[in-house]
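Thanks for making the time this morning. I would like to walk you through one chain, going slowly enough that each term is pinned down when it comes up.

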Amino acid sequence: MWNDPPASLTGNPMNHGALKYLRGLSAHSDAAEPLCLAVRDLPGAETWSANPLHYGYVIAYIDDLVFGFVTGMRGLCLRLPADAMRDAIGEGAEAFYEAGDDWVFIALFDLDRRVPRVRHWIETAYAHALRH
């Protein structure tokens, strides 16, 4: 059984697209690790999992705004401002409109593509969330 996200997150309309997409999904711990490790160093940021014991999806947030999430086994998704989104896509990320217009998917284990600077993009997503 998956737990519902904290009410502060479900109450923010900016999160609705991502949370709707994530409902019932799982995440592999290898894909979640880069996001969870980075969030430890970001003041006020937290991670939450729908079911930590059974690999539920993982979200990263600050206050009431989700700025990243992991689902599946391939990578992570981040909410970025438009200019950073273009740059991340230029480095190999993909637009991820399933969660909203400002999300990108960063593949972590795809050897056929250049992997973007993952930590940099997580920090950029965090900084963008602080401005909202």
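Let me begin with the vocabulary for elements: helices (H or I, at least four residues) and strands (E, at least two) are DSSP runs, numbered from the N terminus. With that in hand, alanine 93 can be placed in the loop between α4 (82-90) and β5 (94-95). Please keep in mind that this is a predicted model, in which local features need pLDDT of at least 70 and side-chain atom pairs count only at pLDDT 80 or more, while totals for chains, interfaces and linings use all residues. Residues are numbered from 1 along each chain as its sequence is written, and side-chain values use heavy atoms, with hydrogens and water left out.

On confidence, pLDDT is the predictor's own figure for each residue, from 0 to 100, and the chain averages 93, with 97% of the residues scoring at least 70. Among the elements, helix α3 (residues 29-40) has the lowest mean pLDDT, 95, and strand β3 (residues 65-70) the highest, 98.

Back to alanine 93, and is this residue buried or exposed? By the convention used here, buried means under 20% relative accessible area, exposed over 50%, and partly exposed in between, with a 1.4 Å probe and protein chains only. Alanine 93 counts as buried because its relative accessibility is 6%. Its C-alpha atom is separated by 9.8 Å from that of valine 118, which is 25 residues apart from it along the chain.

Valine 118 leads me to the helix pair. Two packed helices are described by the angle between their axes and the distance between the axes. Here the axes, which are lines fitted to C-alpha atoms, for helices over the stretch in contact, with angles running from 0 to 180 degrees between N-to-C directions, belong to α3 and helix α5 (residues 118-130), and they come within 10 Å and cross at roughly 55 degrees. The contact, meaning heavy atoms within 4.5 Å, is made by Pro34, Leu35, Leu37 and Ala38 of α3 and by Val118, Arg119 and Ile122 of α5.

Next come two asparagines in the loop between α1 (7-10) and α2 (16-22), the place of asparagine 12 and also of asparagine 15. Asparagine 12 is buried, because its relative accessible area is 10%, and asparagine 15 counts as buried at 0%. A polar atom of the asparagine 12 side chain lies 2.8 Å from the backbone nitrogen of methionine 14, whereas for asparagine 15 a polar side-chain atom lies 2.9 Å from the backbone oxygen of leucine 9. Leaving aside neighbours within four places in sequence, asparagine 12 is in contact with Asp64 and Leu65; on that footing asparagine 15 touches Leu9, Asp64, Leu65, Val66 and Arg79.

Which residues have a positive phi without being glycine? One is tyrosine 55, with phi near 60 degrees, in the loop between β1 (45-49) and β2 (58-62), and it counts as partly exposed at 48% relative accessibility. Another is aspartate 63, with phi near 55 degrees, in the loop between β2 and β3, and this aspartate counts as exposed at 63%.

Finally, aspartate 102 is found in the loop between β5 and β6 (103-107) and is partly exposed, with a relative accessible area of 22%. Its C-alpha atom is separated by 6.9 Å from that of alanine 82, 20 residues apart along the chain. Not counting residues up to four places away in sequence, aspartate 102 touches Leu78, Arg79, Leu80 and Met85.

Technical notes
A polar contact is a pair of N or O atoms within 3.5 Å; within protein, one must be able to donate a hydrogen and the other to accept it, and residues adjacent in sequence count only if both atoms are side-chain atoms.
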